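Please work through the exercises below with the sequence and the structure at hand. Attempt each task before reading its solution.

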Amino acid sequence: MPTITKSTCCYCGVGCGVLIESEGDRVIGIQGDPAHPANFGRLCSKGLSLPLTVASDVGRALYPEIRLDRHSPRRQVDWESALETVAQRFADIARLHGPDAVAFYVSGQLLTEDYYVFNKLAKGLIGTNNIDTNSRLCMSSAVTAYKMAFGADAPPGCYEDVEHAKTVLFAGSNMAYAHPVLFRRLEAAREKNPDIKWIVIDPRRTDTAAMADLHLAIEPGTDVALFNGMLHHLIWEARIDTGFIDRSTDGFAAVKNLVREYTPRIAAEICGITEKDLIQAAEWFAASPASLSLYCMGLNQSSHGTDKNIALINLHLATGQIGRPGAGPFSLTGQPNAMGGREVGGMATMLAAHREISNPGHRAEVEALWDVEQLSDKPGLPAVAMFDAILEGKVKAVWIVCTNPVHSMPDAEKIRQALQHAEFVVVQEAFMQTDTMPFADVVLPASSWAEKTGTVTNSERRISLVRQAISPPGDAKPDWWIANNVARRMQAQLQPDLPDLFPFTSPESIFNEHRKLTIGRDLDIGGLSYAVLDKQGPQQWPFKAGQETGQARRYVDGLFHTDNRRAQFHITKYQAVAEVTNARFPFHLITGRLRDQWHGMSRSGRVAKAFSHEPQPALTMHPKDAERRGFKADQLVTISNKQAKMTLPLRLSDEVKSGTVFAAMHWNGQYLNSGGINEVIAGKVDHRSFQPELKHAAVRIEAA
Ligand code: SF4
């Protein structure tokens, strides 16, 4: 009989529960967990193929490796040598050049406990806030907007809202591919009630858009103009909720004044849609008893991502579409634990448990809870700035954990140059074939899904246990264990007089310390423990001591987390994409996901059947644009701009509008004669969230 282990899917932010079937150290099957409230037994193609990703040791990082200099190959070493080397080099560089000369670049794929130890190592022990994560590329604009509007991070709603909503507005989200199991719940709700309206805002006719009642195929990056135009219509047609605005918000008058100039006609012209469609969307949104917006990278991965989020939240506040079942602005997290990373403060711009680096009181609280002397008040380097600083020689050592920045960051060539320029690069990874691995001076082999235990928080603030079912291959170790063992060695060198900061012996011991830091905060989980999660199943936060369940929805009483408990409107002026098209670079390049692949394919690329849906990379172009240029389907074309040049086969489809081309983000250096599509993405960052514009570039397309 196989052993059954309850765990959680490690791909997307839906956070589906799984039942892992194993025999000895082999995973032999998987099923959806019928008792898990995120998925009730359903899994998508990615989740169902998870056993295949751990079926073989081939391509896995199995043993620690070190190279003595950049001209020598790496050689296998034991853990003691690897841990000692990393601890010594990081401590030496921090002592010689100051704590900000080292940096950590971690991942939303990490478990909360892994994240916690890395964050404490950087901020509590070394004294630098230079720890950022690939979640910066994913949801930092959503975080910034939530904090600006509501005074606190995290989506206010829950997954049940998809069953209560009567109008669903998808913005910059191909949810059918990116969050498939939650999307199935929306489909089921509409099958029961065909009056439910779906509005999809997306420049491309994705599978999600093809199912919409109204598809607004806006020009890339024009979302703010659209939302402002919708708000203009609703204000002047008296379709707003003045009672809610008066009772629960501030700042409406200034926004009303701003949107005067965004008449539906002007806004529709900017967006490249009809005025009638814009008005229809506004009417459905305001008239519905419950309007839910579901949004993702199309809003966030933009040089004006915060404005896009805020403009959408303004619509919710103006119409009172929040705090009720089925109503609210719901940012979908891409990765399985982007939320958990935020909770432990594992980013360069925040402290543990939603505290702020810039707040002396918050710093003092964390100093007391960690028993450390003085936390740095200097914000750390967010992802793009971190790699700039490495290239400039300001950051000399970087420890990259469970992520592949040479593929996922914008301006891939700059990332390669930065890593080449760094004095010391540590790569902690489960897989060897990533585009970043060749730059590693030290490889630390990490356990992967099914091989380690901890917790993750999904998009609806629900914390689930991830449980180990099998032993990791070779000498791979859990991420928390690696961080903890380097940290202990570093403390002996850097802060020997402090009490033991890293006494952790298990993920549970880390969770228990993390829990203490949350008490009294908006995400208080004082009532949660591994025992509660084990007995009662996954739980939403907040879950205070004495409570029996978590809180499904926030702001139901119309009170927010701002100082005066009122939500805040903010002015959002439309600004064009960072790279506008012109005669030299006439095409909008937009990027997105495929159905069966995940991120840089280090995991999903191990599954042969994941290629049956899209077997090869391609650039999608409208047939009329191809005809004008004399291009034929499948021919090779070059995509170029000031940034770089790369080659892809051409695919013809009217899913993109004339003047726009599309490429999937997944394909990496193993499949292309270059890195991925981010070779040609400059990635200008949003000035408030520091999230780069990964979704768009202006490019030229020529025959190869
Ligand atoms: Fe995994 Fe997301 Fe699919 Fe659920 S929807 S099975 S979490 S990839």
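The exercises that follow concern a predicted model.

**Exercise 1.** Determine how the radius of gyration of the protein chain relates to the value from the globule rule.

*Solution.* Begin with the secondary structure of the chain, which comes to 25 helices and 26 strands. The radius of gyration is 24 Å, and the globule rule gives 27 Å for 704 residues; the two values are close, so the chain is as compact as a globular protein of that length. Next, consider burial: 60% of the 704 residues are buried. Finally, take the contacts between residues at least 6 apart in sequence; 73% of these join residues at least 24 apart.

**Exercise 2.** Describe the shell around the ligand by its residues and their classes.

*Solution.* First, identify the nearest residues: of the 14 around the ligand, these are Cys 9, Tyr 11, Cys 16, Cys 44 and Gly 47. Second, locate the helices involved: H1 (45-48) and H8 (180-192) each supply at least two residues of the shell. Third, sort by class, which gives nine nonpolar, four polar and one charged residues.

**Exercise 3.** Which strands are joined to S18 by bridges, and are the faces of S18 covered or uncovered?

*Solution.* Step one: strand S17 (residues 454-457) runs antiparallel to S18, with four bridges joining them. Thr 455 has Leu 465 as its bridge partner. The two strands form a hairpin with four residues between them, and Arg 461 in the turn has a positive phi of about 65 degrees. Step two: two bridges join S18 to S19 (residues 539-540), also in an antiparallel arrangement; here Arg 462 is partnered with Gln 540. Step three: both faces of S18 are covered, with Arg 462, Ser 464 and Val 466 buried on one side and Ile 463 and Leu 465 buried on the other.

Technical notes
Residues are numbered from 1 along each chain as its sequence is written. This is a predicted model: local features need pLDDT of at least 70, side-chain atom pairs count only at pLDDT 80 or more; totals for chains, interfaces and linings use all residues. The radius of gyration is taken over C-alpha atoms; the globule rule is 2.2 Å times the number of residues to the power 0.38. A residue is buried if 20 or more other C-beta atoms lie within 10 Å of its own, exposed if 12 or fewer, and partly exposed in between; C-beta atoms are placed from the backbone. Two residues are in contact if their C-beta atoms, placed from the backbone, lie within 7 Å. Ala, Val, Leu, Ile, Met, Phe, Trp, Tyr, Cys and Pro count as nonpolar, Asp, Glu, Lys and Arg as charged, and the others, Gly among them, as polar. Two strands pair if DSSP finds at least two bridges between them.
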